[in-house]
Protein chains: 2
Amino acid sequence: MIECFFDCSSPWTYLAFHNLQPMAAELGVEIEWRPILVGGIFNTVNPSVYEQRATPVPAKARYMKKDLEDWARHSGIAITFPPKVFPVNSVKAMRGCIWLAPQGKLLAFADAVFRAYWTDNLDISQDAVLAAVCESVGVDPAALLAGIAEPAVKDQLRLNTEEVVARGGFGSPTIFVNRTDMYFGNDRLPLIRDAVLAAQETA
Amino acid sequence: MIECFFDCSSPWTYLAFHNLQPMAAELGVEIEWRPILVGGIFNTVNPSVYEQRATPVPAKARYMKKDLEDWARHSGIAITFPPKVFPVNSVKAMRGCIWLAPQGKLLAFADAVFRAYWTDNLDISQDAVLAAVCESVGVDPAALLAGIAEPAVKDQLRLNTEEVVARGGFGSPTIFVNRTDMYFGNDRLPLIRDAVLAAQETA
């Protein structure tokens, strides 16, 4: 009933990834995890993100850093902002999520990627970092690096990104309840809860 | 312990104004309401708001409307967006809040102004609308219209606006816990709750 389009390169997405899981478990609903490249979204429908990065409003930038710290503490995770490398190229990591999905290891891998980037401040665009992430979740690094070079894996990441744009998304995380009811961001979880409960009542 | 700088011309502020009150009552803390003019903030430190209005991202604009509807339903209030007049000149309404504060009527008046603009879709810049709002909360309209012309009232609204900017604010609502711990927006109420509880534990 819940789909979550996500890119590990976004700190707000780490918060949603972390907080959505216990909520869905409590509500008794499954989450379908859909890896995307948020840069692909910004390029096609939301260039305002680049404008804001180019000409930041100082007061907003200061608050954003504090806000992330507040949310991380509230959520029980650690987020360093800005990390050493930002923005980061997450294409290999997100292709890794696609490749691991049929093996049931997308969730564990994505969690380890989020932690490597946002908590341990590592450059997840590097093969060595991804290899260590693989080993931490029992995945053969060489097999993953070969797997993410497959055209079908590359295509699926592109198709997911095109799909979320076609369905109205403009960033990460974009979350749908029952296919058409869209929510953006970690701070919309109370609204997602409302939507799932309403759907369960009328089911 | 909680200060809320607010302008009735913002729908997100209506949500925070509505939702903050039961939370503060439950936590046993007072809210100090500080009327401001959010346009004054945008002009001095956050012109990005005007840029976003001038070149909206269509997907974000569509979502914003739905998001407001979701939050209004979640909060048990009705918000029409966009209203007939937007943005609205709220200077008289906000001066009215200042003038009524010593009489203990700021809260009732602000609530009626929010409802007139966001629920009843009325132009709160008009004296006739403000007069009807006054009557709904037992305030003499002629006295209010005379009161808000007083230089001290005008000055106080300007000073409040300058103060929130000096303290790091960039929009409405801007909420402080214990003077320096700043939060922006209705969707940060869970973080404000954390902050009040933490302060009460160490008090």
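Start with A:S10 in this predicted model: is this residue buried or exposed? Its relative accessibility is 10%, and the cut-off for buried is under 20%, so A:S10 counts as buried. To find it, look at chain A and follow the loop that runs between strand β1 (2–6) and helix α1 (11–27). Which residues from elsewhere in the sequence touch it? Once you set aside neighbours within four places in sequence, A:S10 is in contact with A:F114, A:W118 and A:S172. There's also a database note to go with this spot: an unreviewed UniProt entry lists A:S10 under "active site".

Now move along chain A to helix α5, residues 91–100. How many of its 10 residues are buried? The count is 9, so you can think of this helix as mostly covered. Among the buried ones are A:V91, A:M94, A:R95, A:C97 and A:W99. What does the covering? Quite a list of elements from chain A, including strands β1 and β2 (31–35) and helices α6 (106–119), α7 (127–136), α8 (141–147) and α9 (151–166).

Hop over to chain B and pick out helix α7, residues 127–136. Its buried residues are B:V129, B:L130, B:A131, B:V133 and B:C134. These pack against α5 (91–100), α6 (106–119) and α8 (141–147) of chain B. Just after this helix comes B:G138, which takes a positive phi of about 70°.

Next, see how the two chains meet. Each one brings 26 residues to the contact: 26 from chain A and 26 from chain B. Between them the chains bury about 2400 Å², with 56% of that on carbon and sulfur atoms. On the chain A side, A:Y63, A:R188 and A:L191 lose the most area to chain B, together making up 23% of what that side buries.

Finally, there's some empty space to explore. Rolling a probe the size of a water molecule over the atoms shows where such space is left. The second largest pocket holds about 390 Å³. Who lines it? There are 16 lining residues, and A:P190, B:W71, B:H74, B:D187 and B:P190 lie nearest the centre. Both chains take part: α4 (58–75) and α10 (189–202) of chain A, plus α1 (11–27), α4 (58–75) and α10 (189–202) of chain B, each supply at least two residues. Helix α10 of chain B gives the most, with 3 residues. Sorted by class, the lining has 7 nonpolar, 6 polar and 3 charged residues.

How values were computed: Residues are numbered from 1 along each chain as its sequence is written. Chains are lettered from A and ligands numbered from 1 in the order in which they are written. This is a predicted model: local features need pLDDT of at least 70, side-chain atom pairs count only at pLDDT 80 or more; totals for chains, interfaces and linings use all residues. Side-chain values use heavy atoms; hydrogens and water are left out. UniProt positions are given in the numbering used here, feature names are shortened, and annotations may be inferred rather than shown by experiment. Helices (H or I, at least four residues) and strands (E, at least two) are DSSP runs, numbered from the N terminus. Buried means under 20% relative accessible area, exposed over 50%, partly exposed in between (1.4 Å probe, protein chains only). Contact means heavy atoms within 4.5 Å. On a 1 Å grid over the protein atoms alone, a cavity is a set of points where a 1.4 Å probe fits but cannot get out, and a pocket is an open set with protein on both sides within 12 Å along at least five of seven lines; lining residues have an atom within 4 Å of a point. Grid points are joined across faces, edges and corners, and a volume is the space filled by probe spheres set on the points. Ala, Val, Leu, Ile, Met, Phe, Trp, Tyr, Cys and Pro count as nonpolar, Asp, Glu, Lys and Arg as charged, and the others, Gly among them, as polar. Buried area is the accessible area (1.4 Å probe) that two parts lose on being put together, summed over both.
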